[in-house]
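Dear colleague,

Please find below the structure for your review. A short account of its pocket and its nonpolar cores follows.

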Amino acid sequence: MTDSTREPSIFSRIIAREIPATIVYETETLLAFEDIAPQAPVHVLVVPKTERYANVVELSAGDPALLAEMVAAASRIAAERADGEFRLIFNTGGSAGQTVFHVHAHVLAGSPLEEGTLAH
């Protein structure tokens, strides 16, 4: 299947407001929303509004400024919702736990996080 015939990711559908989400932060290039299956008191996904990059490796090579914007957004969200300390997770590849191939970061915070707390 080519990129032009690929179905939009669930994240693109959230960005397009086709699927409801609790949005906590938005810019022209990013959307952040609460995870529907949180693994910590604060569990927010930070997603670029473009589907161009499947994972963080592609993003870092193709648009490092957008990656930096994602990290800054994660920091801001953790500062507002927790004590400013957070875990930032990018899963890259199916065997690493990535199930949605639209680059996204998990911001986890709000309590001591146990080893092995990972997400999609």
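**Pocket and cores**

The largest pocket holds about 160 Å³ of space. (A pocket is an open set of points on a 1 Å grid over the protein atoms alone, where a 1.4 Å probe fits, with protein on both sides within 12 Å along at least five of seven lines; lining residues have an atom within 4 Å of a point. The volume is the space filled by probe spheres set on the points, which are joined across faces, edges and corners.) Its lining has 13 residues, of which I10, F11, I14, F33 and I36 are the closest to the centre. Both α1 (10–15) and β2 (30–34) give two or more residues to this lining.

This is a predicted model: local features need pLDDT of at least 70, side-chain atom pairs count only at pLDDT 80 or more, and totals for chains, interfaces and linings use all residues. Residues are numbered from 1 along each chain as its sequence is written, and side-chain values use heavy atoms, with hydrogens and water left out.

The largest nonpolar core (buried Ala, Val, Leu, Ile, Met, Phe, Trp, Tyr and Cys residues joined through side-chain atoms within 4.5 Å; buried means under 20% relative accessible area with a 1.4 Å probe, protein chains only) has 19 residues, and L30, A32, V44, V46, L59, M70 and I77 touch the most other members. The largest share of this core, six residues, is supplied by α3. A second, separate core has eight residues, including L31, L45, V47 and V100.

Beyond four places in sequence, the contacts (heavy atoms within 4.5 Å) of L30 include V46, L66, M70 and A73.

Yours sincerely

Conventions
Helices (H or I, at least four residues) and strands (E, at least two) are DSSP runs, numbered from the N terminus. Buried means under 20% relative accessible area, exposed over 50%, partly exposed in between (1.4 Å probe, protein chains only).
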